[in-house]
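Visitor: Could you take me through this model, one question at a time, and show how each answer is reached?

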Amino acid sequence: MSNPSDRIVVALDTTDVERALAMAAALEGLVGAIKLGKEFFTANGPAGARRIVDVGLPMFLDLKYHDIPSTVAGAVRAALPLDPFMLNVHALGGAAMMRAAADAAAEAGAKRPMVLAVTVLTSLVTADLASVGIFGTVRDQVVRLAVLAKDCGLDGVVCSAEEVVALRGACGRDFKLVVPGIRPSWAAAGDQKRIVTPADAVALGADYLVIGRPITTAANPAEAARRIGEEITAFTDAG
Ligand code: C5P
């Protein structure tokens, strides 16, 4: 990463292609990537995603695949023409599924996307895990699945800031940790509960920060992105 602001991945959570296009264009040069998820993709499909990718920012395709290995491999292969720099699968799909995803991504050669695992959704707490037959703490389950993901050749995980230190210890320096739930001190928390500032997330050891509404609903999104970039840069320079 050449610039600290390259760590910023902006979540374009909208069904509106024109809005997403305008946002991507306004943020070019100020952030590292944009993220398209199920909301945008279900409404607009690969053709809509292609229009956003053509603006020029790297794209994280956040579709959280979870199916039998051959189906997930097929989905990853089908995503490759969009040139995502990152995509993700659910670790609970198991080792064979994660290996199949990594192998399919490798078919893109030098342009291979990073393949990340979702471990435990941050909307779940320990009692939710027990209700689906998983006993033990969220923290233990997250670390278990992240270690498995690494063993299967995945590049990293999406995780909450609370898990970054444990995962850095368990999975090493090169394993990518992608962290949502980021709120600058000057932005509203919205429905995010466990939030950290951009600089704190980087200080904990996050590689990429997924940031949506603090940028996309700001009166001036470019200015909000610039300010977040400066906060991260100030921290990086001080370190
Ligand atoms: O607007 P906000 O900054 O809360 O957006 C965060 C983005 O990160 C959304 O796209 C959301 O779906 C995603 N996300 C999250 N928590 C997770 C995983 C993904 O907020 N655990």
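Visitor: Which residue in strand 2 does A11 stand opposite?

Guide: This is a predicted model, and the strand pairing is read from it. Strand 1 is joined to strand 2, residues 33-37, by 3 bridges, and the two run parallel. Within strand 2, the residue that stands opposite A11 is K35.

Visitor: And in strand 8, what is the bridge partner of V9?

Guide: Strand 1 also pairs with strand 8 in the parallel sense, over 3 bridges. From strand 1, V9 and A11 point one way while I8 and V10 point the other, and all of these are buried. In strand 8, the bridge partner of V9 is V210.

Visitor: In what order do the strands run in the barrel?

Guide: Strands of a sheet pair through backbone hydrogen bonds, either parallel or antiparallel. Here the pairing is parallel, and 8 strands make a closed barrel in the order 1-2-3-4-5-6-7-8. Neighbouring strands of this sheet are turned against each other, direction ignored, by an average of 25 degrees.

Visitor: Which helix packs on the sheet by touching strand 1 and strand 8, and what angle does its direction make with that of strand 1?

Guide: The contacts are with strand 1, residues 8-11, and with strand 8, residues 208-211, and the helix that makes them spans residues 221-238. This is helix 10, and the angle between its direction and that of strand 1 is about 150 degrees.

Visitor: Elsewhere in the barrel, which residue of strand 5 is the bridge partner of N88?

Guide: Strand 4, residues 86-90, pairs with strand 5, residues 114-118, in the parallel sense over 5 bridges. In strand 5, the bridge partner of N88 is L116.

Visitor: How much space lies in the largest pocket, and which residues lie nearest its centre?

Guide: The space in the largest pocket comes to about 950 Å³. Helix 1, strand 3, strand 8 and helix 9 each supply at least two residues of its lining, which divides into 17 nonpolar, 11 polar and 12 charged residues. Of the 40 lining residues, those nearest the centre are K35, T122, P180, G181 and Q192.

Visitor: Is T216 buried or exposed?

Guide: T216 lies in helix 9. Leaving aside neighbours within four places in sequence, T216 is in contact with V10, A11, L12, R19, M23 and P221. Because its relative accessible area is 11%, and buried means under 20%, T216 counts as buried.

Visitor: Is V132 buried or exposed?

Guide: V132 is found in the loop between helix 5, residues 126-131, and helix 6, residues 138-151. The C-alpha atoms of V132 and A117 are separated by 20 Å, and these residues are 15 residues apart along the chain. Since the relative accessible area of V132 is 60%, and the exposed class begins over 50%, V132 is exposed.

Visitor: What is the phi of K64, and what is the phi of D83?

Guide: Most residues other than glycine have a negative phi. K64 lies in strand 3 and is partly exposed, at a relative accessible area of 24%, whereas D83 is found in the loop between helix 3 and strand 4 and is partly exposed at 35% relative accessibility. Both have a positive phi, the value for K64 being near 45 degrees and that for D83 near 55 degrees.

Methods:
Residues numbered from 1 in each chain as written. Predicted model: local features only at pLDDT ≥ 70, side-chain atom pairs only at ≥ 80, totals over all residues. Heavy atoms only, no water. Pairing = 2+ DSSP bridges. Helix = DSSP H or I, 4+ residues; strand = E, 2+ residues; numbered from the N terminus. Axes fitted to C-alpha atoms, helices over the stretch in contact; angles between N-to-C directions. Contact = heavy atoms within 4.5 Å. 1 Å grid on protein atoms, 1.4 Å probe; cavity = no way out; pocket = protein on both sides within 12 Å on 5 of 7 lines; lining within 4 Å. Points joined across faces, edges and corners; volume = space filled by probe spheres on them. Nonpolar A, V, L, I, M, F, W, Y, C, P; charged D, E, K, R; others polar. Buried < 20%, exposed > 50% of the residue type's maximum accessible area, 1.4 Å probe, protein only.
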